[in-house]
Amino acid sequence: MEKQEPEPKPLVDSNSTPKPNTNTNTSLAAETGMVIPSIPSSLLPQPSWFTAKRLLAVFCVINLLNYVDRGTIASNGVNGSRKTCTKTGTCSPGSGIQGEFDLSNFQDGVISSAFMVGLLVASPIFASLSKSVNPFRLIGVGLTVWTLAVAGCGLSINFWLIATCRMFVGVGEASFISLAAPFIDDNAPVAQKTAWLGIFYMCIPAGIAVGYVYGGLVGDHLNWRWAFWIEAILMLPFAVLGLFMKPLQLKGFSHTGSKKPLTSPLTACPDEAVSNCNHGLLPSQEDSKDGSKCAPSNLNQLTRFWKDMKVLHLEKVYVINVLGYIAYNFVIGAYSYWGPKAGYNIYHMKNADMTFGGITIVCGILGTLAGGLVLDRMNSTISNAFKLLSVATFLGAIFCFAAFCFKNLYVFIALFAIGELLVFATQGPVNYVCLHCVKPSLRPLSMAMSTVSIHIFGDVPSSPLVGVVQDRIDNWRVTALILTSILFIAAGIWFIGIFLHSVDRFDEDSEDRVSDVERANSPPLLEKKSTEPIEVSVES
């Protein structure tokens, strides 16, 4: 007679009444009569090495390096000057990129903007992928591309090769600029969100200014190629960090098997979840609801992308904010690229790189921090952000315009410094609006499309167009005044935003809403690994 195997015991005795368990999904228990079992600790979200402040610091350094590269290629030491010949036939050799490749002002402007081709294509792709691939891992991929492309710039032998490398620099930047700000916004203290964003975006003027000085020094003492190689070496550790460290989570995107969005984003992906999802591949909330796998079909990805794009374009607050940002960035982009050269020609500055670098770094840091702090003090709302944007930009435009009207160098420096202080106060508020006028799962796409728009319609055309205007009129002062007047348009567009009906959607994500109280009560970021069971969705 065969020995019968004992029947497995059920998880719950059908004749007994299950004991209440506050750690289970009550709605699911009511439907199925099942108690959700605890899962192994290896599947629990692991505490990350990052704290909120460490994350901010690392992202600030990366952002600084991105914009050091922008300032470097604009500096006289790296960008250089064209070969010139007198009427008598005496020619002086050029310097830097422009001199070595014998570029016109238009070609020189194209090199400055070429990276935007890669940025335009890659930003929406990275934003869309963030719903199925861990955003932190995407940042690592982007930084790796950036590092290789910048090193390639130093190896370039002609105009077309360096322009191509600049395009791939744009691809590398795309992932970071789309995804970094949502991470910071998630983890900043509620009462200091704009200030933290201000600290992050402070790295834009600071990086450009450091790039002016750094490019000038390296170009004068070594060679313009070394400026790019050193940048690549400095970025390499951060690329490795993003690729191989346990990936972090972003608010609005759930762990594998969970339908609830994260309320404490600074936790690492569980080991099994990471390995099962190809090193960071995770489904979004929408994928979980549809029962889809880690890798949704390309058709679903495309459909979801166009659906999200439609939502963005129907949000009037978002559209007005980006339109003002485009006009603003048209001016700032041209200032950053042509500023040192214009200052050298108008005021005969002996060291235009150092002068413009000094003004930009001091006023950029102080202005960006002040803008964030003022909005937090005013009470961070979208309407207040538009008020600050319009007033600061209008006053800044007045001072910058007046500065170029004076012939005295010291008067110019004083007025232009005040103008830049006011203009840079917009960085925190404008990005606060981009992040808070859409629901959390749309923030990567919101930041991506904002960035693409302000560059493709802003500083991409502005650099070569200013070069064309200058080639035609051959008067840097008039060119600078025409350019500065566009800041008044930006102020007017943002002024319209004050009167729009606005809703802060930071805590809105379909039916899963996370209140400020819940977010404030989230466990500390470095809290020891919890041994309590967590909620797991079980399909009946």
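**Cavities and cysteines**

Tutor: Welcome! In this predicted model, a search of the whole structure turns up 8 cavities of 30 Å³ or more.

Student: What makes such a space a cavity rather than a pocket?

Tutor: A 1.4 Å probe fits in a cavity but cannot get out, whereas a pocket is open. The largest cavity holds about 440 Å³ of space.

Student: Which residues lie nearest the centre of the largest cavity?

Tutor: Tyr-67, Arg-70, Asn-329, His-455 and Asp-459 do, out of 32 lining residues. Helices that each supply at least two residues of this lining include α2 (52-74), α14 (316-347) and α19 (443-473).

Student: How does the lining of the largest cavity divide into nonpolar, polar and charged residues?

Tutor: There are 16 nonpolar, 13 polar and 3 charged residues in that lining.

Student: Now the cysteines. How do you know that Cys-60 and Cys-203 are not a disulfide?

Tutor: A disulfide needs cysteine sulfur atoms within 2.5 Å. The sulfur of Cys-60 is 4.0 Å from the closest cysteine sulfur, that of Cys-203, so the two are too far apart for a bond.

Student: And what rules out a bond for Cys-400?

Tutor: Its closest cysteine sulfur is in Cys-363, at 9.3 Å, which is also too far for a bond. For the structure, the count of disulfides is 0.

Student: Why is Cys-60 called buried?

Tutor: Buried means under 20% relative accessible area. Cys-60 has 11% relative accessibility, so Cys-60 counts as buried. By that cut-off, Cys-400 counts as buried too, because its relative accessibility is 1%.

Conventions
Residues numbered from 1 in each chain as written. Predicted model: local features only at pLDDT ≥ 70, side-chain atom pairs only at ≥ 80, totals over all residues. Heavy atoms only, no water. 1 Å grid on protein atoms, 1.4 Å probe; cavity = no way out; pocket = protein on both sides within 12 Å on 5 of 7 lines; lining within 4 Å. Points joined across faces, edges and corners; volume = space filled by probe spheres on them. Helix = DSSP H or I, 4+ residues; strand = E, 2+ residues; numbered from the N terminus. Nonpolar A, V, L, I, M, F, W, Y, C, P; charged D, E, K, R; others polar. Buried < 20%, exposed > 50% of the residue type's maximum accessible area, 1.4 Å probe, protein only.
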